[in-house]
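Biologist: I'd like a close look at one small part of this model, with whatever context you think it needs. Take your time and walk me through it in one go.

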Amino acid sequence: MLHLRRVETVHEGLRWLDIKRYGIEISHNRDGETPDVLTKDDLRRAWQLPQDVISAGVLGNPRK
């Protein structure tokens, strides 16, 4: 079912929601560099709050 959803929503920008929801590990392979793997508990997976919200005094999500 997850594969069908991946194919069905390929150009709609919904893949990141499934990656976060199901804890899927993803790997960014850059030419000539070691792969950058985002694990289930990686802090970089959190969406950062907009700058105007952070400027208003709300703490941003922690980053690595």
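The spot I care about is Asp42: does it count as buried or exposed? And what is going on around it and in the rest of the chain?

Modeller: Asp42 counts as buried, because its relative accessibility comes out at 10%, and buried means under 20% relative accessible area, exposed over 50%, and partly exposed in between (1.4 Å probe, protein chains only). A word on the ground rules: this is a predicted model, so local features need pLDDT of at least 70 and side-chain atom pairs count only at pLDDT 80 or more, while totals for chains, interfaces and linings use all residues. Residues are numbered from 1 along each chain as its sequence is written, and side-chain values use heavy atoms, with hydrogens and water left out.

How far can you trust the model? The pLDDT, which is the predictor's confidence in each residue on a scale from 0 to 100, averages 86 for the protein, and 98% of the residues score at least 70. Helix α3 (residues 51-55) has the highest mean among the elements, at 94, and helix α1 (residues 2-8) the lowest, at 82. In total there are 3 helices and 2 strands, taken from DSSP runs numbered from the N terminus (H or I, at least four residues, for helices; E, at least two, for strands). Read along the sequence, they give the pattern α-α-β-β-α.

Now back to your aspartate and its charged company. A search of the whole structure turns up 4 salt bridges, meaning a side-chain nitrogen of Lys or Arg within 4 Å of a carboxyl oxygen of Asp or Glu. Arg44 takes part in a bridge with Asp36, with N to O at 3.1 Å. Both of those residues count as partly exposed: Asp36 has a relative accessibility of 23%, and Arg44 has a relative accessible area of 27%. Arg44 also meets Asp42 itself, and there the N to O distance is 2.7 Å. Another set of salt bridges with shared partners joins Arg5, Asp18 and Arg21 into one network. In that network, the closest N and O atoms of Asp18 and Arg5 are 2.7 Å apart. That pair links distant parts of the chain, since Asp18 belongs to helix α2 (residues 15-22) and Arg5 to helix α1, 13 residues apart. Asp18 is buried, with a relative accessible area of 0%, whereas Arg5 is partly exposed at 29%.

There is charge over aromatic rings too. The charged end of Arg45 sits over the ring of Trp16, 5.8 Å from its centre; the test is that NZ of Lys or CZ of Arg is within 6 Å of the ring centre and within 35 degrees of the ring normal. Lys20 does a similar job over the face of Trp47, at 5.7 Å from that ring centre.

Trp47 deserves a look of its own. It lies in the loop between β2 (36-38) and α3. Leaving out residues up to four places away in sequence, Trp47 touches Trp16, Leu17 and Asn61, where contact means heavy atoms within 4.5 Å. Trp47 and Val58 are 11 residues apart in sequence, and their C-alpha atoms are 14 Å apart in space.

Asn61 sits in the segment after α3 and is partly exposed, at 27% relative accessible area. Beyond its neighbours within four places, Asn61 contacts Ala46, Trp47, Gln48 and Leu49. Asn61 and Leu17 are 44 residues apart along the chain, with 17 Å between their C-alpha atoms.

Over at the other linker, Thr9 lies in the loop between α1 and α2 and is buried at 6% relative accessibility. Its C-alpha is 20 Å from that of Ser27, 18 residues along the chain.

For the wider picture, 11% of the 64 residues count as buried, and Asp42 is one of the buried ones. Among contacts between residues at least 6 apart in sequence, 10% join residues at least 24 apart. The C-alpha trace spans about 40 × 30 × 20 Å along its principal axes.
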